[in-house]
Protein chains: 2
Amino acid sequence: MRGAIIFIGDELIAGRILNTNAEFAGKLLSAVGLEPEEIITIPDREDIIIKTIKRLISEYDYIITSGGLGPTDDDVTTLALAKALNLPLVENKALLSAIRSTLEYKDTFEMAKRMALLPEGAEVLAENLKILGFRLNYQEKKLFFLPGVPSQFRELLEKRVLPQLCELKNKAFFQECKERGILKNLIFFDLNETELNQFLQEVSKGTNLRIGYYPVIPEVKLVLFGAKEEIERLMLLLRERFFLNLVGEESLPSVLGKLLTERGYSLSTAESCTGGMLASLITSVSGSSRYYERGFITYSADSKRELLRVKEETLREFGIYSHETAMEMAAGAKKLARSDFALSTTGIAGPTGGTSEIPVGTVFIALATHEGLYSLRFQFEGERDTIQKWVSYTALDILRRFILYGKSFFSYRFAQGYKERPL
Amino acid sequence: MRGAIIFIGDELIAGRILNTNAEFAGKLLSAVGLEPEEIITIPDREDIIIKTIKRLISEYDYIITSGGLGPTDDDVTTLALAKALNLPLVENKALLSAIRSTLEYKDTFEMAKRMALLPEGAEVLAENLKILGFRLNYQEKKLFFLPGVPSQFRELLEKRVLPQLCELKNKAFFQECKERGILKNLIFFDLNETELNQFLQEVSKGTNLRIGYYPVIPEVKLVLFGAKEEIERLMLLLRERFFLNLVGEESLPSVLGKLLTERGYSLSTAESCTGGMLASLITSVSGSSRYYERGFITYSADSKRELLRVKEETLREFGIYSHETAMEMAAGAKKLARSDFALSTTGIAGPTGGTSEIPVGTVFIALATHEGLYSLRFQFEGERDTIQKWVSYTALDILRRFILYGKSFFSYRFAQGYKERPL
């Protein structure tokens, strides 16, 4: 069962609207192993619609179209279909009366008549005839014509098209998938993708799992689809092999937030080079006020001294970008906020400000706990925004790892140094 | 000049991510009259990529692809292209050394080598070689291969592909445009798009200007393409009609940053509901340390009192979400930072925490200047992240308007109340 979806509309070609129907259709169809081989977007032009329908019918088993069924001049899908397949248009009386009974079209008999013209052999999809859209069998090929309005497209796709396609594909398979099939998203951080790739190739041999992964910088997202037992087996192996890197089923700010909430811990922040991004990530989570109390953005040396009580000698002797300054910043924030933990960042996000000793991307991240102060030096690469992102996520991950595994697990790919001292 | 765009990636076919690149490309290309006739999405499968490239090359003048240029097994675009066109793959030495110099790939020589293999005749698009992506001329057809990572796709499309396509479209037209002014991006804030639309239709009549605009929430971006005189004439009219809303040629954080730098002003922040996003936007601009000194994220009532000296009576009498609290927060930040200006935010970003009197989306934004304290009440709508964005950008815009026009121009579409008092 190979198929394609056609989205028809000038507004999609010109990017005036985002094609969320494509995302919905992709998710729904791939969840049952019926992902299309092409998703094609074309304008409201009869010649292009005819050409596209003709080509796809010759290549695929099923075709779904979206858009162009309405009453206005630029709705030409049905007419183009009839021309492409050389079928006469026939008035569907039940559909006509249903259209005429809806208020919107009361005064526009001509429009109603036009919408009720379907190619010979077409069957209306919606049982109540309230949504335009029809199916047509043509030379063993299954064709579905849906409206572009998202709510209508989704309803017909889910309730009418999907069951018919699944049944066609393999009735038993569909039943099984419905009962046992699952889709799992996993988030990783600080992951060596080559290592993950090799690992997945080995462990998925001989299984029917579908696996995809892609960076959502700075995290990596892994998507698993398959039978429940196989997914569970793979999850166990992943947890064992990548226990430090497997964040969970959500992104770091959410996962850390849940951890802090569960254990009743509170957190404060003291940021220099991340300039508020760390706090912004923490507070992007609804309910973060339960564990996040306050934060300091100490961009200047003055503010580090005045607000966080970083010592004058520390700044003079070790510099603003140092383990010592980072640790004193974290200690200051923790004390002022009376929180269980505090995270601090200081470094050079660039693009200017770097030196040969401390190049752009050099960052110190410190964690203050009730026991001690821990500081890691990192060397990140990228644009200013990318570096700030890496620093902020790494800070969140340092705390996540500390809570879960303790201070012995601060190994990171981009780390270049470590210092600790008692609080 | 007829063209097509190919998006390559299992994650798009399976609807795991929304294709925002398609929207961006559609907008940009149609703004200069180069809208594609097909936007086609296909999986990471060599056979389908080969088939699609072959078909589109025979039909169109230009083809842009997105995705599949990376180092992992499912990145097969380049290889498929070489097979489709029967071209040998050649190692691009400059690209190889650029890839190897980026830290991430230091230990993965094989991957770097793989990414540096380009079809014979290909030219790397990014001048600094930091972004994968190349162009290739084949039988008079112009082919562009871009990465799928949105920031990279957008940068190459806007900066490298678009100018080349415009040149191809009409050399004389492009040359003229290049010499006399061409593509202008304008950023608007708090704009009524219907008003802009009507205005543009009227004033662009009889011109050869191509105009596109689209929301980059919460800003609106307008793209003008045409002869210098016509653009300048339109810019004058736009400045006159939308002087409050026309931010400039860059986004609010940059424009405000330049304004503060030019005039030698300093700024501090005190955030509650934006939780660091306001500071993060300010410090996203390189050089922001020249005007941004420090910031407070006072999530709890305690922190508002302790750090910003918001009075106990104020919190009790007027509440945390009030003009009075917002003004005292701003006054506190300004005083502690000894800055020329301070911005504060307090309100409910949601999705929980709203009441009938103060529903989700109610936010107070205050500005402290040497003369006085000004507070506006707003009612925003949307998800938590959207509301935080609207609040942060609005705060920046309030300061921009104050510096440019004074306190008499605080009229905003979503504003619902105003209060001021001397400092």
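This is a conversation about a predicted model, in which a colleague asks how certain descriptions of the structure are justified.

Colleague: Why is A:Leu200 called buried?

Modeller: The relative accessible area of A:Leu200 is 4%, and because buried means under 20%, the residue falls into that class. A:Leu200 is placed in helix α9 (residues 193–203) of chain A.

Colleague: What is A:Leu200 in contact with, leaving aside its neighbours within four places in sequence?

Modeller: Its contacts are A:Ile211, A:Tyr213, A:Leu222, A:Leu234 and A:Leu238. For A:Leu238, which is 38 residues away along the chain, the C-alpha atoms of the two residues are separated by 8.9 Å.

Colleague: What makes A:Arg241 and A:Glu195 a salt bridge?

Modeller: Their closest N and O atoms are 3.0 Å apart, and since the cut-off for a salt bridge is 4 Å, the pair qualifies. A:Arg241 lies in helix α10 (residues 228–241) of chain A and A:Glu195 in helix α9 of chain A, so the salt bridge ties together parts that are 46 residues apart in sequence.

Colleague: Are these two residues, A:Arg241 and A:Glu195, buried, partly exposed or exposed?

Modeller: The class between the limits of 20% and 50% is partly exposed, so A:Arg241 belongs there with a relative accessible area of 39%, and A:Glu195 belongs there with 31%.

Colleague: How do you know that B:Lys93 counts as exposed, and which residue forms a salt bridge with B:Lys93?

Modeller: B:Lys93 has 61% relative accessibility, and because exposed means over 50%, that is the class B:Lys93 receives. The salt bridge is with B:Glu91, the closest N and O atoms being 3.6 Å apart, while B:Glu91, at 26% relative accessibility, counts as partly exposed.

Colleague: Where do B:Asp397 and B:Arg401 lie, and how many residues apart are they?

Modeller: They are four residues apart in helix α16 (residues 384–405) of chain B, which means that about one helical turn separates them. Their side chains meet in a salt bridge at 3.1 Å, N to O, and both B:Asp397 and B:Arg401 are buried.

Colleague: What makes B:Asp302 and A:Arg338 a salt bridge, given a separation of 3.9 Å?

Modeller: The limit is 4 Å, and because 3.9 Å, taken from N to O, is within it, the side chains of B:Asp302 and A:Arg338 are counted as a salt bridge. Both residues also belong to a network of salt bridges that links A:Glu293, A:Arg294, A:Arg338, B:Asp302, B:Arg305, B:Glu306 and B:Glu312.

Colleague: How many salt bridges are counted between chain A and chain B, and how many over all chains?

Modeller: Between chain A and chain B the count is ten, whereas a search of the whole structure finds 53 over all chains.

Colleague: How much area do chain A and chain B bury between them?

Modeller: They bury about 5300 Å², with 52% of it on carbon and sulfur atoms. On the side of chain A, the residues that lose the most area to chain B are A:Leu18, A:Ile297 and A:Tyr299, which together account for 11% of what that side buries. The contact takes 72 residues from chain A and 72 residues from chain B.

Colleague: Why are strand β2 of chain A and strand β2 of chain B said to pair?

Modeller: Pairing requires at least two bridges, and because three bridges join these strands, each covering residues 38–42, the requirement is met. The strands run antiparallel, and the bridge partner of A:Ile40 in β2(B) is B:Ile40.

Definitions and conventions:
Residues numbered from 1 in each chain as written. Chains lettered and ligands numbered in written order. Predicted model: local features only at pLDDT ≥ 70, side-chain atom pairs only at ≥ 80, totals over all residues. Heavy atoms only, no water. Contact = heavy atoms within 4.5 Å. Buried area = accessible area lost by both parts, 1.4 Å probe. Helix = DSSP H or I, 4+ residues; strand = E, 2+ residues; numbered from the N terminus. Buried < 20%, exposed > 50% of the residue type's maximum accessible area, 1.4 Å probe, protein only.
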